[in-house]
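Please work through the exercises below with the sequence and the structure open beside you. Try each task before you read its solution.

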There are 2 protein chains.
Amino acid sequence: MELWYTEKQTKNHGITTKIKRSVYHDQSEFQTLDIIETAEFGNMLVLDGMVMTTDRDEFVYHEMITHVAMNTHPNPKDVLVVGGGDGGAIREILRYPSVANAVLAEIDGKVIEASQKYFPKIASGLSDPRVNIQVTDGIRHIQENKGTYDVILVDSTEPVGPAVGLFQKPFYEGIYEALKEDGIMVAQTESPWFNQDLIRQVFKDISNTFPITRLYTASIPTYPSGLWSFTVGSKKYDPLQVDESGLQSFDTRYYRPEMHKALFQLPAFVQELLTDKGE
Amino acid sequence: MELWYTEKQTKNHGITTKIKRSVYHDQSEFQTLDIIETAEFGNMLVLDGMVMTTDRDEFVYHEMITHVAMNTHPNPKDVLVVGGGDGGAIREILRYPSVANAVLAEIDGKVIEASQKYFPKIASGLSDPRVNIQVTDGIRHIQENKGTYDVILVDSTEPVGPAVGLFQKPFYEGIYEALKEDGIMVAQTESPWFNQDLIRQVFKDISNTFPITRLYTASIPTYPSGLWSFTVGSKKYDPLQVDESGLQSFDTRYYRPEMHKALFQLPAFVQELLTDKGE
């Protein structure tokens, strides 16, 4: 018997992937959690029926939500991840020797526990002494920590259920306040193919909050359309103005310092989302 | 009743997409041809069970197989497309005022006919007086036309069946001979996620044939993994050495002259395929 997991990524399109077995199933206060072992991508974390990460391609998302901001800021010490309970962004943050305090504000403790058990490579940084895990609402955390962070990464689920507020302007304004005077943020902002209205709105909201706003993309096979966007809001440092030769280099599998500025040369149809045309 | 078309892109993974109806089905001497109307991507051309192009995302593939080489060559007059019977690459080639002669060497006349009928926007250039359509084996065509072309685009199907020879070193050597002394070629070379051995081998073969070899990628949602690679072989002009400010600009939806050099800043795991490590 062959088992296949199919995710409708839109109403009319999706991926289907062969599974060896269901590894874990649970229901938290916030969402349904599943981990399945797939033949192509290894273990796969699925929250409310949407793929969040897999063993095989997790490095793309976790490196790319992290290194663009971390390598743009000259000296990131205090870093916050909102969401990101799997620990992948924390793992990448910890590569920077300047980091003294990496806070994870994840609303669902079950995500953290499941990742530690079934994705040990992704969650590997969570036991580091520099990490402070808080099982809490990220919105509340930023309200209670003004002027605290050098870098904030919004590593959220899709904009449904508990994550809706993480895609709205008041949240970005809160992040602005929670950052130090030269702080920088990055949020995952969905697919340029399937979530164009969201990308337009978030880019506009962040542009109206931060003096510097940029968007870049990365290729993630298990995410809808295979192309994913990230939006930067920055108070002072522009990722396009860094001296690439001075950037820190790590043993990464997707991000390279040589691509740091090239990432912002977007396809024309993505670039068009960032202007106000048609609104 | 809902109909869904599922393509296994690897043995263990694929896409599934809702279809409104089957538009066309035929069997040629070379392959099975299907066109289905999908809810998400419009009409979709499927050859031997593999998605070749769709109304919605065809612009990525056709722009990206064409403009990098065409905009690197300072004055392309004689251009050959091997395969590409849908006409999309020809349409993009014809944007260049310098082009006098655009030859399409497609082995399967049924692909051309089906595209003209069901993909009129993609096939729009095929009736242009500068276009010379030859229903012939591309390998034979290049053998019979030495020193003829400024640019050759290898717009092939997957490396199975009739296209196997289009991924082998003798073919690239033939292309080298069919190019003028400053000619340049581009071949579509599959997914950096799912076809790593092929990319390694082709890059090595083209490197051993041409003095300049480069690889770039583009995001194509209906292709395996959503990320696709293209390999350049060039006798004289290096796409990394062009003066970007002098590049021609068109009303394109993916390619922008500003991304011309940035395209070559590859993800680390793709860059690694281009070295001889492990062989």
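The exercises that follow go from the whole chain to single residues.

This is a predicted model, in which local features need pLDDT of at least 70, side-chain atom pairs count only at pLDDT 80 or more, and totals for chains, interfaces and linings use all residues. Residues are numbered from 1 along each chain as its sequence is written, chains are lettered from A in the order in which they are written, and side-chain values use heavy atoms, with hydrogens and water left out.

**Exercise 1.** Work out whether the radius of gyration of chain A agrees or disagrees with that of a compact globule.

*Solution.* Begin with the rule, which takes the radius over C-alpha atoms and sets the globule value at 2.2 Å times the number of residues to the power 0.38. For 279 residues this gives a value near 19 Å, and because chain A has 18 Å, the two agree. Next, consider burial, where buried means under 20% relative accessible area and exposed over 50%, with partly exposed in between (1.4 Å probe, protein chains only); buried residues make up 63% of the 279 residues in chain A.

**Exercise 2.** Find where Asp86(A) lies, and decide whether Asp86(A) is buried or exposed.

*Solution.* First, locate the residue: Asp86(A) sits in the loop between β6 (78-83) and α2 (88-93) of chain A, where helices (H or I, at least four residues) and strands (E, at least two) are DSSP runs, numbered from the N terminus. Second, compare its relative accessible area with the limit: at 7%, Asp86(A) is buried. Third, look at its side chain, which makes a polar contact with the side chain of His62(A) (3.3 Å); such a contact is a pair of N or O atoms within 3.5 Å, and within protein one must be able to donate a hydrogen and the other to accept it, while residues adjacent in sequence count only if both atoms are side-chain atoms.

**Exercise 3.** Find the loop that holds Glu29(A), and decide whether Glu29(A) is buried or exposed.

*Solution.* Begin with the position, since Glu29(A) belongs to the loop between β2 (13-27) and β3 (32-38) of chain A,. Then apply the limit: with a relative accessible area of 72%, Glu29(A) is exposed. Finally, compare sequence with space, where Glu29(A) and Asp108(A) are 79 residues apart in sequence and 7.8 Å apart in space, C-alpha to C-alpha.
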